[in-house]
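Here's a quick walk through one chain, from its sulfur chemistry to its rings and its main pocket. Have a look at the model first.

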Amino acid sequence: MNIRMGIAAVALTVFGAAAEAQQSEVLFSHKHWSVSIVGWDDGSVGCVAEVTAPGEAFSIWTYPDGAVQLQFYSTAWSFGEGDTADLEVQVDRRAPWSLTAAELYQNSVLFYLPDSQAGVNFITEIARGNRLYLRDYDGSDVQNYSLAGSSASIDALIDCGDVIQSPGNPFN
């Protein structure tokens, strides 16, 4: 069974599950990363690739509409709702990326990548990188994350995203 067929089978299981707040299934793990499909009780679904450490996580989410969202999570953070911040992300020693008006929500920083070549280039840097640095807009370090295993995990995330974007028949 190829990975796409396996993801489709898991997607059917998650879609058909009894109503729960959230249900997830790990599809792939490699080095520090794991990829999961997540279903919510409203019937929506998403795919996530993430690297975690105790109380910390960096996640890349994909949704059926093709949107790609970054999530930086820490139990040490406590934001309200509706606040934003301008941040910087750097992969290894490459030029930093600006995350303008990133949403601050509870324990997370959230940012939607543009549906453009810039978004593709950013994901490619993550897949090829060793370490990702999250910084405030002035360049001061906030957190950093291992990218070991990110290339294979992003490939699995893309496969998962393709399955959840397939209208009606996940076997296409």
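How many disulfides does the chain hold? Taking a disulfide as a pair of cysteine sulfur atoms within 2.5 Å, the count comes to one. The partners are Cys47 and Cys160, with their sulfur atoms 2.0 Å apart. The link of Cys47 and Cys160 is left-handed, at -75 degrees about the S-S bond. Cys47 sits in strand β3 (residues 45-53) and Cys160 in helix α3 (residues 150-165), so to speak a bridge between distant parts of the chain, 113 residues apart. Both Cys47 and Cys160 are buried, where buried means under 20% relative accessible area, exposed over 50% and partly exposed in between (1.4 Å probe, protein chains only).

A word on the ground rules. This is a predicted model, in which local features need pLDDT of at least 70 and side-chain atom pairs count only at pLDDT 80 or more, while totals for chains, interfaces and linings use all residues. Residues are numbered from 1 along each chain as its sequence is written, and side-chain values use heavy atoms, with hydrogens and water left out.

Now the overall layout. The chain has three helices and 10 strands; helices (H or I, at least four residues) and strands (E, at least two) are DSSP runs, numbered from the N terminus. Reading from the N terminus, the elements go α-β-β-β-β-β-β-β-β-α-β-β-α. Of the chain's 172 residues, 42% count as buried. Take the contacts (heavy atoms within 4.5 Å): among those in the chain with a separation of 6 or more, 50% come from residues 24 or more positions apart.

On to the rings. Rings of Phe, Tyr and Trp (its six-membered ring) pair if their centres lie within 6.5 Å; planes under 30 degrees apart count as stacked, over 60 as edge-to-face and the rest as tilted. The structure holds eight aromatic pairs. One of them joins Phe58 and Phe72: the ring centres are 4.9 Å apart and the planes are at 20 degrees, so the pair is stacked. Phe58 belongs to strand β4 (residues 56-62) and Phe72 to strand β5 (residues 68-74), so this pair ties together parts that are 14 residues apart in sequence. Phe58 is buried, at 0% relative accessibility, and Phe72 is buried too, with a relative accessible area of 1%.

Phe72 also pairs with Tyr145, and here the centres are 5.8 Å apart and the planes at 40 degrees, so the pair is tilted. Tyr145 lies in strand β10 (residues 141-146) and Phe72 in strand β5, so the parts tied together are 73 residues apart in sequence. Tyr145 is buried, with a relative accessible area of 4%. Together, Trp33, Phe58, Phe72 and Tyr145 form one aromatic cluster.

Next, three residues from the β4 and β5 region, side by side.

| Residue | Location | Relative accessibility | C-alpha to C-alpha distance |
|---|---|---|---|
| Glu56 | strand β4 | 19%, buried | 5.5 Å to Tyr73 |
| Asp65 | loop between β4 and β5 | 65%, exposed | 9.4 Å to Gly161 |
| Tyr73 | strand β5 | 28%, partly exposed | 9.1 Å to Gln106 |

Glu56 and Tyr73 are 17 residues apart along the chain. Setting aside neighbours within four places in sequence, Glu56 is in contact with Val51, Tyr73, Ser74 and Gln143. With residues up to four places away left out, Tyr73 touches Gly55, Glu56, Ala57, Asn107 and Ser108. For Asp65 and Gly161, the sequence gap is 96 residues.

Finally, the pocket. On a 1 Å grid over the protein atoms alone, a pocket is an open set of points where a 1.4 Å probe fits, with protein on both sides within 12 Å along at least five of seven lines; lining residues have an atom within 4 Å of a point. The largest pocket has a volume of about 470 Å³, a volume being the space filled by probe spheres set on the points, which are joined across faces, edges and corners. Its lining has 22 residues, and Thr62, Val68, Val120, Ile123 and Ile158 lie nearest the centre. Which element gives the most to the lining of the largest pocket? That's α3, with eight residues. β4, α2 (117-128) and α3 each supply at least two lining residues. The lining of the largest pocket divides into 11 nonpolar, eight polar and three charged residues; Ala, Val, Leu, Ile, Met, Phe, Trp, Tyr, Cys and Pro count as nonpolar, Asp, Glu, Lys and Arg as charged, and the others, Gly among them, as polar.
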